[in-house]
Each structure stands twice: as structure tokens, then as C-alpha cells.
Amino acid sequence: MALLNSASLLGIPTKLPTFFTTPKDKWNICRLISPQTRSFLTSCSVKTTLLGEDSGAVMGPHTTSFSGSYGQSKRVWIWTENKEVMTAAVERGWNTFLFSSQSRELADEWSSIAVISPLYIEEGGVFDKEKRRVGSVFKISNPGELELLQPENGLAKNVVVDLLDWQVIPAENIVAAFQGSEKTVFAISKTFSEAQLFLEALEHGLGGVILKVEDTKPVFELKEYLDRRNDLNNVLSLTKATVTRVEAAGMGDRVCVDLCTIMRPGEGLLVGSFARGLFLVHSECLESNYIASRPFRVNAGPVHAYVAIPGEKTCYLSELKSGKEVIVVDQKGQQRNAIVGRVKIETRQLILVEAKQDSVAQTHYSILLQNAETVALVSSCQGNEVAKAIPVSSLKVGDEVVLRVQGGARHTGIEIEEFIVEN
């Protein structure tokens, strides 16, 4: 197979904020090169790890891409000599493999037992089996080498970088330098954590990663991570439900979930007493007369309640802790992942809310929440109407709220098919 065509970093704004570097940063010079310096670098003789003219590469039928946030296409190549790693990668849809020039026999052997697209790293770059150059290679261990990595410097359509020293700042500067370019930058990653770092650098991430491993675990972890990213492109199906009961319920231990994310009006967490129906509980992002806005917080409900988390799963509010991920959802079903920064459990007065999808429905859905003016459910809206946050303290029978209806039977948070009765 001839390799992929260019994969531009879609969705990256024309101008990126400059707060990620300071004049003292070791790697900040990539974005601050003068036009005169750029002209000099273009005309100078670049070290052997930077390739010269490129014939370009063509996307073949087996190239796999994963859509990340902001519409970016994320690509994964595998570099390994372990057959178990090869098998795990192929089973997960990845079939572009890198080999050293001394491993052509291994590439031929694997090509006979699986549909793979072998590429070869040799002196001067990355080549396909027809010996066409499809990638440039850069080893970066200091700011001077990073300066040379510019999209206009005669690079191939695909650029492989091996960050030998710092990783975060160089990756961010590369994202900034290649924004709008038709070149795809791959970073060599020896662990899943490194791969995640490169795919999230400066929020948009590099165009791809080369997972260089001899163990299957990073393959599993990376696939699960990319699947979660792809879930964010799917709009959740939400429906309206009519409130049928509002009643004080006494004291209980409720959970405040503080996220490492700012939420906007209309956003919150999906929470419910039963997994079959989760209410959209609004964040505390709205201003009030008596308390300051806390746009990072959702006063989510008591410890027993379910909350939606990535991977179409649920967990109990009592299980949330720092570092765990939840999904933030708005009234139209748009979702995004957020990291939990802190969880506060305190004893407060609770209120019980029950709702049905319509007047003849037999299934009811319920949630308990702290009885306070700052705790609200998201109202149902149609078309371009703006949803409202209805404080539970003023909620009444007949109000319409947003609900996520799904399968009720769960095992460790995963939906399963089985007979279940919950009241």
C-alpha cells in the first residue's frame, strides 16, 4: 500500500493563544523565528535526519484514521517485532507497520498471514515496499533541531518526530507551527501515556502517533482512548419528561462534583436514581444574588445515584474521585469529557423528583437532589429555543425536563440484557 495522503489539522483556529510559551521556555523559539532566520533555514543544508524532496504519498484502502476532537483525523502506526502486538493492532483496525531495513523478512512473513501495510525506516526517512519515500524523520533533542522543523522546509507529506528530551513544549510548538499545513506529524511513543500526551498537545494534538512497543497493553489502552474520543462526535439522544412528583425527602449524603472544566449555560451531568433514566442536572455556572457562580461544579445528587461516564457507562456518584472522567452534556445532547478535580460529600436536605415521558407511560424515572436554589434541572426545549435551568426549589408537577433514556440493567456500569425490576 502506498501510505496516507496528507491529513491536515482540521479545526485549528487561524490564531492560537500565546500563553503556552514564555521567553524563558527551553523550546519556545520554534514559533518565534524571524522571517530572515526562516529564509536562512530553508536554504541551508539540513542534517541527514531531515529528508529532501518528496514524491508524496497516497491514501490506500487499509489506512486507518480516528476522528478526534475538533474534527481532527488521528492516525496510528505500529512499530514492533512482537507478533502478539501485531495481531492485537490488526484486530483493532491498525495495519500500517514500521520495520527497520533489517526486518524485511519479518515484514514479508507478517504480510503473508495478515493484511498489513509495511513501511521501512531507513537512512534518510520512511519508505514503502516499492521504495518510495513517504515520510521524513526528525530526531529532536535541543531547540536548534526543533527550529529546523518547519512545514516549508522540504518535508515529506508525513513527518516522524522522535522527541528525545522534552516532550510537552516541543509537541505544543510543533502543533502551532504546522497549523493549516497539509503535512501530518507523527510522534514516536513508547507508552500509551506518551501517545495521549502527543494527541492532546495544545488541545488539538499532533496528527498521529507511532506506537513503538513490544507489549499488547498499550495497544488496548490506545484503542480504548480513541474510541472514547470518537464517542464525543456522537450526539446523545435526549428526550423530554414531565414531572409527576416533587416531594421533600429528608436528610442524605449528597455529592458535589467539581470538574477541571468550565461549564456553560445548558451544560451539566446526567444523573439518576436508576440507570434507565438520567436527568440533566445543570451546573452552578449561573450568577445569583446570594452566591457566586461556580461554573466548574455540579451539585449532582446523593451517593447512590448513577452518573454517566465515557464509554456509554455509568458509575455511582460515591465512586467518583480526583482524576476520574465524566461526560458533560448540554440540552442538545452534545457531549465532552471532563476530569473530576474534587468530590465533596456532605449531609444536606434532599428533594425527590419523579417524571414520566408521557401521561400514559408506565415507567417512571426519579432523582434525588439537594433542596437548594442553586441546584437545577435543565428544561425541555424545541428547535432553536434556549433551554432554561429550573431550580428544584421551584420545580412543580407538569414542568418538562430533559432526560436520557437507556437500558436499565447494569453490571459494573456496563449495560447488559437481563430481567430487572427497580423501584
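The exercises below, each with a worked solution, concern a predicted model of a protein.

**Exercise 1. Overall content**

Task: State how many helices and strands the protein has, and what share of its residues count as buried.

Solution: Begin with the secondary structure, which consists of seven helices and 23 strands. Turn next to burial, where 51% of the 423 residues count as buried. The accessible surface comes to about 19600 Å², and 50% of this area belongs to carbon and sulfur atoms. Finally, consider the contacts between residues at least 6 apart in sequence, of which 63% join residues at least 24 apart.

**Exercise 2. The buried residues of helix α6**

Task: Determine which residues of helix α6 are buried, and why they lie on the same side of α6.

Solution: Helix α6 spans residues 192-200, and its buried residues are F192, A195, F198 and L199. Viewed around the axis, they cover an arc of only 125 degrees, which puts them on the same side of α6. The general background is that an α-helix has 3.6 residues a turn, so residues three or four places apart point the same way. To complete the description of this region, note that α6 is followed by L202, whose phi is positive, near 55 degrees.

**Exercise 3. An aromatic pair between two helices**

Task: Describe the geometry of the pair formed by F192 and Y225, and state which helices hold the two residues.

Solution: The structure holds six aromatic pairs. In the pair of F192 and Y225, the centres are 5.8 Å apart and the planes stand at 70 degrees; since an angle over 60 degrees counts as edge-to-face, this pair is classed as edge-to-face. F192 belongs to helix α6 and Y225 to helix α7 (residues 217-231), so the pair ties together parts that are 33 residues apart in sequence. Both partners are buried, F192 with a relative accessible area of 14% and Y225 with one of 4%.

**Exercise 4. A pair between two strands**

Task: Classify the ring pair of Y306 and Y316 as stacked or edge-to-face, and decide whether each residue is buried or partly exposed.

Solution: The ring centres lie 5.1 Å apart and the planes are at 25 degrees, so the pair is stacked. Y306 is in strand β14 and Y316 in strand β15 (residues 313-316), ten residues apart. Y306 counts as buried, because its relative accessibility is 11% and the cut-off is under 20%, whereas Y316, with a relative accessible area of 36%, is partly exposed.

**Exercise 5. Strand β11 and its neighbours**

Task: Find which strands are joined to β11 by bridges, and which residues stand opposite V271.

Solution: Strand β11 (residues 268-274) is mostly covered, with seven of its seven residues buried. Five bridges join β11 to strand β12 (residues 277-282) in an antiparallel arrangement, and these strands form a hairpin with two residues between them. Two bridges join β11 to strand β14 (residues 306-309), again antiparallel. V271 takes part on both sides, standing opposite F279 in β12 and opposite V307 in β14.

**Exercise 6. Ring cluster and charges over rings**

Task: Identify the residues that ring pairs link into a cluster, and the rings over which R104 and R276 lie.

Solution: The cluster consists of F97, F99, W110 and Y120. The charged end of R104 sits over the ring of Y120, 3.9 Å from its centre. R276, in turn, lies over the face of F274, at 4.1 Å from the ring centre.

Notes: Residues are numbered from 1 along each chain as its sequence is written. This is a predicted model: local features need pLDDT of at least 70, side-chain atom pairs count only at pLDDT 80 or more; totals for chains, interfaces and linings use all residues. Side-chain values use heavy atoms; hydrogens and water are left out. Helices (H or I, at least four residues) and strands (E, at least two) are DSSP runs, numbered from the N terminus. Buried means under 20% relative accessible area, exposed over 50%, partly exposed in between (1.4 Å probe, protein chains only). Contact means heavy atoms within 4.5 Å. Accessible areas come from the Shrake-Rupley method with a 1.4 Å probe; for residues, only the protein chains shown count as cover. The arc is that of the directions from the helix axis to the C-beta atoms. Two strands pair if DSSP finds at least two bridges between them. Rings of Phe, Tyr and Trp (its six-membered ring) pair if their centres lie within 6.5 Å; planes under 30 degrees apart count as stacked, over 60 as edge-to-face and the rest as tilted. A charge sits over a ring if NZ of Lys or CZ of Arg is within 6 Å of the ring centre and within 35 degrees of the ring normal.
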